[in-house]
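Notebook open, model loaded. I want to see how the helices pack and where a handful of residues sit.

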Amino acid sequence: RHMVIVLLDFLSSHPNMKDRYNERDLALARLETLSKTNMLDSAMETHVALHGGEPPQEMIERREKVLMVLAALKEECLPITQVLENEELMRSLGDTKSFDL
């Protein structure tokens, strides 16, 4: 799905493709594709561009859930992230030759 979004963006922005497809149809396809992903900020921007006003409450609530899951996953990965971000520790582990990245 994520690659479809890139293709739709290409079709709507490339000079050779500009007049070949209806911009509204491309935007609707982009919105439909985005709504099946967790890329809700982009989906909300596309919705507002197409329909004006505010994004639907359902999108806003779903975005909040996605952000909560993201925060929980980041917290679960924190011990590993801390090790990987510690340059001194990574250097010393690399010097032991028992740890390889």
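Before I start on single residues, I note the cut-off: buried means under 20% relative accessible area, exposed means over 50%, and partly exposed is what falls in between. I also note that this is a predicted model.

**Entry 1: Ser-12**

I looked up Ser-12 first, and found it in helix α1, which spans residues 2-13. Is Ser-12 buried or exposed? Its relative accessibility is 18%, so Ser-12 counts as buried. I then listed its contacts, skipping residues up to four places away in sequence, and got Lys-18, Glu-23 and Leu-26. Glu-23 and Leu-26 turn up again on the α2 side of the contact between α1 and α2.

**Entry 2: α1 against α2**

That sent me to the helix pair. I get an angle of about 165° between α1 and α2, with the axes 10 Å apart. Angles over 145 degrees count as roughly antiparallel, so α1 is roughly antiparallel to α2. The crossing is left-handed. From α1, the residues in the contact are Val-4, Ile-5, Leu-8, Asp-9, Leu-11 and Ser-12; from α2, they are Glu-23, Leu-26, Ala-29, Arg-30, Thr-33 and Leu-34. Sorting the residues of this contact by type gave me 7 nonpolar, 2 polar and 3 charged.

I checked the connection too. Asn-22 is in the loop between α1 and α2. With 44% relative accessibility, Asn-22 counts as partly exposed. I also took its C-alpha distance to Gly-94: the two are 72 residues apart along the chain and separated by 55 Å.

**Entry 3: α2 against α3**

Next pair along. α2 and α3 pack at about 150°, and their axes are 9 Å apart. That angle makes α2 roughly antiparallel to α3. The crossing of these two is left-handed. On the α2 side I listed Arg-24, Ala-27, Leu-28, Arg-30, Leu-31 and Leu-34, which meet Ser-42, Ala-43, Thr-46, His-47, Leu-50 and His-51 of α3. By type, the residues of this contact come out as 6 nonpolar, 4 polar and 2 charged.

I picked out Thr-46, which is found in α3. Thr-46 is buried, as its relative accessible area is 8%. What does Thr-46 touch, not counting residues up to four places away in sequence? I get Ala-27, Arg-30, Leu-31 and Leu-34. For a longer reach I took Thr-46 to Glu-76: 30 residues apart in sequence, and 32 Å in space from C-alpha to C-alpha.

**Entry 4: α3 against α4**

Last helix pair on my list. Helix α3 is residues 40-51 and helix α4 is residues 57-85; their axes come within 10 Å and cross at roughly 165°. The two are therefore roughly antiparallel to each other, and their crossing is left-handed. I find Leu-40, Asp-41, Ala-43, Met-44 and His-47 of α3 meeting Met-59, Ile-60, Arg-62, Arg-63 and Val-66 of α4. The split by type in this contact is 6 nonpolar, 1 polar and 3 charged.

His-47 looked worth a separate check. It lies in α3 and, at 14% relative accessibility, counts as buried. Leaving aside neighbours within four places in sequence, I have His-47 in contact with Leu-31, Gly-52, Glu-54, Pro-55, Pro-56 and Met-59.

I looked further along α4 at Lys-74, which is in that helix. Lys-74 has 56% relative accessibility, so it counts as exposed. From Lys-74 to Glu-88 I get 22 Å, C-alpha to C-alpha, with their positions 14 residues apart in sequence.

**Entry 5: the nonpolar core**

Which residues make up the largest nonpolar core? I count 8 residues in all: Ile-5, Ala-27, Leu-31, Leu-34, Ala-43, Met-44, Leu-50 and Met-59. α2 (23-34) and α3 each supply at least two residues of this core.

I followed Leu-31 out from there. Apart from neighbours within four places in sequence, Leu-31 is in contact with Ala-43, Thr-46, His-47, Leu-50, His-51 and Met-59. So much for today's lookups.

Note on methods. Residues are numbered from 1 along each chain as its sequence is written. This is a predicted model: local features need pLDDT of at least 70, side-chain atom pairs count only at pLDDT 80 or more; totals for chains, interfaces and linings use all residues. Side-chain values use heavy atoms; hydrogens and water are left out. Axes are lines fitted to C-alpha atoms, for helices over the stretch in contact, and angles run from 0 to 180 degrees between N-to-C directions. Helices (H or I, at least four residues) and strands (E, at least two) are DSSP runs, numbered from the N terminus. Angles under 35 degrees count as roughly parallel, over 145 as roughly antiparallel, 65 to 115 as roughly perpendicular and the rest as oblique. A crossing is left-handed if the near helix is turned anticlockwise from the far one by less than a right angle, and right-handed if clockwise. Contact means heavy atoms within 4.5 Å. Ala, Val, Leu, Ile, Met, Phe, Trp, Tyr, Cys and Pro count as nonpolar, Asp, Glu, Lys and Arg as charged, and the others, Gly among them, as polar. A nonpolar core is a set of buried Ala, Val, Leu, Ile, Met, Phe, Trp, Tyr and Cys residues joined through side-chain atoms within 4.5 Å. Buried means under 20% relative accessible area, exposed over 50%, partly exposed in between (1.4 Å probe, protein chains only).
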